[in-house]
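This briefing walks through one structure for a reader at the bench. It looks at one strand residue, then at a helix, the nonpolar core and the surroundings of the ligand.

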Amino acid sequence: MKNKTVIVTGAGSGIGRAVALKFARGAANVVVADVHEAEGKRTVQQVVEQGGNACFVMADTSRPADCANTVQQALERFGALHCAVNNAGIGGAGVKTADYPLERWEREIAVNLSGVFYGMRYQSQPCWRGAAGPSSTSPVCWA
Ligand SMILES: NC(=O)c1ccc[n+]([C@@H]2O[C@H](COP(=O)([O-])OP(=O)(O)OC[C@H]3O[C@@H](n4cnc5c(N)ncnc54)[C@H](O)[C@@H]3O)[C@@H](O)[C@H]2O)c1
């Protein structure tokens, strides 16, 4: 992944942060996208502290415009996009179906389902373009 650019959503903590740091150790440019600014910037700081290259984009992946903007920021900052990890997600309410708060359900669908689709919707074409370069690896967009 040397000099390749990867978007990692939900990179402000947990698995997303670990993935971002791993990519950075492989000399990739990492676009840290998260709905929580402080945590996302902390990930960027950790990447920089280990000698890597990263930027933060504030994004709520349940919003198509935020997903499009994350891709746009990646292209403006690093010139191409090669890979994306659509990791952002939220856990369930952990209550019986009959008691499940409908607002909570709708938010889970918006983030965990639609958010992944929106990400891939805007990432896929730039990823394929990135793969067309002379020494590129295959593009990968996954949830
Ligand atoms: N940890 C597990 O055991 C486990 C198991 C199965 C699935 N998962 C899934 O893996 C992913 C990461 O899990 P984790 O344990 O690292 O979670 P986590 O809660 O530690 O991290 C999730 C990150 O996503 C961000 N986020 C949440 N909603 C967002 C949104 N709408 N837009 C942008 N960012 C958003 C949060 O701010 C946070 O930084 C999640 O999708 C989770 O559902 C985790």
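**A strand residue, a helix and the ligand shell**

A33 has its place in strand β2. The model is a predicted one, and in it A33 is buried, because 34 other C-beta atoms lie within 10 Å, where 20 or more are enough for a residue to count as buried.

**Around A33**

- Although A33 and G12 are 21 residues apart along the chain, their C-alpha atoms are separated by 7.5 Å.
- When residues up to four places away in sequence are not counted, A33 touches I7, V8, T9, A11, V57, A59 and T70.

**Helix α1**

- Helix α1 has 12 residues and reaches 17 Å from its first C-alpha to its last, which is close to the 16 Å expected at 1.5 Å a residue.
- The buried residues in α1 are G16, R17, A20, F23 and A24; seen down the helix axis, the buried residues of α1 fall within an arc of 125°, so they line one face of the helix.
- The partners against which these buried residues of α1 pack are β1 (5–9), β2 (29–34), α2 (37–49) and β3 (53–58).
- One residue of this helix, A20, is in contact with V8, A11, V30, V32, T43, V47 and A54, once its neighbours within four places in sequence are left aside.
- After α1 comes A27, whose phi is positive, near 70°.

**The nonpolar core**

- The largest nonpolar core has 30 residues, and within this core V6, V8, A20, V30 and V32 are those with the most contacts.
- Two or more residues of this core are given by each of β1, α1, β2, α2, β3, α3 (64–78), β4 (83–86) and α4.

**The shell around the ligand**

- There are 22 residues around the ligand, of which G10, G12, G14, I15 and G89 come nearest.
- Two elements, α1 (14–25) and α4 (102–131), give two or more residues to this shell, and the largest share, three residues, comes from α1.
- Sorted by class, the shell around the ligand is made up of six nonpolar, 13 polar and three charged residues.

**Links between the topics**

- Helix α1 gives residues both to the shell around the ligand and to the largest nonpolar core.
- G12, whose C-alpha atom is separated from that of A33 by 7.5 Å, is among the residues that come nearest to the ligand.
- V8 is in contact with A20 and with A33, and V8 is also one of the residues with the most contacts inside the largest nonpolar core.

Conventions: Residues numbered from 1 in each chain as written. Predicted model: local features only at pLDDT ≥ 70, side-chain atom pairs only at ≥ 80, totals over all residues. Near = placed C-beta within 6 Å. Helix = DSSP H or I, 4+ residues; strand = E, 2+ residues; numbered from the N terminus. Nonpolar A, V, L, I, M, F, W, Y, C, P; charged D, E, K, R; others polar. Expected span 1.5 Å × (residues − 1). Buried ≥ 20, exposed ≤ 12 C-beta atoms within 10 Å, placed from the backbone. Arc of directions from axis to C-beta. Contact = placed C-beta atoms within 7 Å. Core = buried A, V, L, I, M, F, W, Y, C linked by C-beta atoms within 7 Å.
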